[in-house]
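User: Hey, could you walk me through this one? I'd like the overall picture before we get into details.

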Amino acid sequence: MVAHKLWTFVLSILCFGLFYTASAADFQGIPLPENTSIALVVIGDGVQIYESKLNSMGSLEWALKAPEAALKNLAGEVVGKHYGGPSWSLNDGSQLVGNLPPLKAVNSPDGRNIPWLLVAAKSKSDAGLLSKVDFVVRIGTSGGVAPEEPPKSQTDTVKVKYQAIYLFLRKQN
């Protein structure tokens with residue numbers, strides 16, 4: 001219980017700081033779009049799914065298939081999910097599909113976790129919180145990198161645990 005309260009406090013402080021720095025020209029290597037504000041901050045907790053693919057040299061390598069993650073608020077409650085597309089949906093029924101490739105991708109600060117991303121919305125629902133979102137930023141990543149050892153067969157699949165902070169941004173008028 002104490003650990004949960006401490007984690008909530010730390011995330012609250014982080015999100016408070018993010019709210020007041022969202023208009024900065026550069027955020028930890030990810031340039032945020034001008035005239036945007038944070039509509040929602042959540043923690044993604046799940047897996048990155050990789051599947052075996054043949055590369056141009058004819059050998060097997062891991063390729064990202066899709067993420068599967070629960071989106072949690074600062075109290076640890078599940079408020080939505082993140083899945084292939086890339087797509088996000090919230091419990092209010094709203095959905096957003098991101099445009100690929102991302103507008104920006106940078107290595108995580110230590111280089112051992114999945115990259116930080118800025119993704120523009122390609123499509124979104126007509127109502128609910130995500131209907132107002134224009135960009136998604138993934139930062140603070142932990143884990144999620146494909147195994148270094150290549151797949152042994154073309155049917156191999158692996159799930160790699162990851163966590164990330166997702167910032168949902170909307171354009172200001």
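Analyst: Sure, here is a tour of the fold, the confidence, the salt bridges, the pocket and some backbone details. Keep in mind that this is a predicted model.

User: Okay, what secondary structure does the protein have?

Analyst: The protein has 1 helix and 9 strands. Reading from the N terminus, the order is α-β-β-β-β-β-β-β-β-β.

User: And how many of its residues count as buried?

Analyst: Of the 173 residues, 39% count as buried. As for contacts between residues at least 6 apart in sequence, 58% of them join residues at least 24 apart.

User: What's the mean pLDDT?

Analyst: The mean is 87, and 84% of the residues reach 70 or more. Residues 1–13 stay under 50, and the model gives that stretch 7 contacts beyond four places in sequence. Residues 15–27 are also below 50, with 19 contacts beyond near neighbours in sequence.

User: Why should I care about low pLDDT?

Analyst: Where pLDDT is low, the predicted coordinates should not be read in detail.

User: Fair enough. Switching to charges: how many salt bridges are there?

Analyst: The structure holds 7 salt bridges. One of them pairs Lys-72 with Asp-45, at 3.1 Å from N to O. Lys-72 is in strand S2 (residues 60–72) and Asp-45 is in strand S1 (residues 36–54), so this pair ties together parts 27 residues apart in sequence.

User: Is Asp-45 buried or exposed?

Analyst: Asp-45 is buried, with a relative accessible area of 19%. Its partner Lys-72 is partly exposed, at 23%.

User: Which residues are linked in a network with that pair?

Analyst: Asp-45, Lys-72 and Lys-161 are linked in a network of salt bridges.

User: Got another pair for me?

Analyst: Yes, Asp-134 and Lys-124 meet in a salt bridge at 3.0 Å, N to O. Lys-124 belongs to strand S7 (116–124), while Asp-134 sits in the loop between S7 and strand S8 (135–143), so the two parts being tied together are 10 residues apart in sequence. Asp-134 counts as buried at 17% relative accessibility, and Lys-124 is partly exposed with 35%.

User: What about Glu-149, which side chain does it meet?

Analyst: Glu-149 meets Lys-152 in a salt bridge of 2.3 Å, N to O. Lys-152 counts as exposed, with 67% relative accessibility.

User: New topic: how much space lies in the largest pocket?

Analyst: About 320 Å³. There are 21 residues lining the largest pocket, and the closest to its centre are Leu-64, Pro-67, Pro-86, Leu-117 and Arg-138.

User: Which elements give two or more residues to the lining?

Analyst: Those are S1, S2, S7 and S8. S2 gives the most, with 4 residues.

User: And what's the lining like by class?

Analyst: The lining of the largest pocket has 15 nonpolar, 4 polar and 2 charged residues.

User: You mentioned Pro-86 there. Which residue does a cis peptide bond join to it?

Analyst: Gly-85 is joined to Pro-86 by a cis peptide bond, with omega about -5°. Pro-86 is in the loop between strand S3 (78–83) and strand S4 (87–90). A cis peptide bond also joins Leu-100 and Pro-101, with omega about 0°. Pro-101 is in the loop between strand S5 (95–98) and strand S6 (104–106).

User: What's phi of Asn-35?

Analyst: Phi of Asn-35 is near 55°, a positive value in a residue other than glycine. Asn-35 is in the loop between helix H1 (2–21) and S1, and it is exposed, with a relative accessible area of 54%.

User: Last thing, where does Gln-154 lie?

Analyst: Gln-154 lies in the loop between S8 and strand S9 (157–171). At 51% relative accessibility, Gln-154 counts as exposed.

User: Which residues is Gln-154 in contact with, leaving aside its neighbours within four places in sequence?

Analyst: Those contacts are with Ser-52, Leu-54 and Leu-60. For Ser-52, the C-alpha atom is separated from that of Gln-154 by 5.2 Å, although these two residues are 102 residues apart along the chain.

Terms used: Residues are numbered from 1 along each chain as its sequence is written. This is a predicted model: local features need pLDDT of at least 70, side-chain atom pairs count only at pLDDT 80 or more; totals for chains, interfaces and linings use all residues. Side-chain values use heavy atoms; hydrogens and water are left out. pLDDT is the predictor's confidence in each residue, from 0 to 100. Contact means heavy atoms within 4.5 Å. A salt bridge is a side-chain nitrogen of Lys or Arg within 4 Å of a carboxyl oxygen of Asp or Glu. Buried means under 20% relative accessible area, exposed over 50%, partly exposed in between (1.4 Å probe, protein chains only). On a 1 Å grid over the protein atoms alone, a cavity is a set of points where a 1.4 Å probe fits but cannot get out, and a pocket is an open set with protein on both sides within 12 Å along at least five of seven lines; lining residues have an atom within 4 Å of a point. Grid points are joined across faces, edges and corners, and a volume is the space filled by probe spheres set on the points. Ala, Val, Leu, Ile, Met, Phe, Trp, Tyr, Cys and Pro count as nonpolar, Asp, Glu, Lys and Arg as charged, and the others, Gly among them, as polar.
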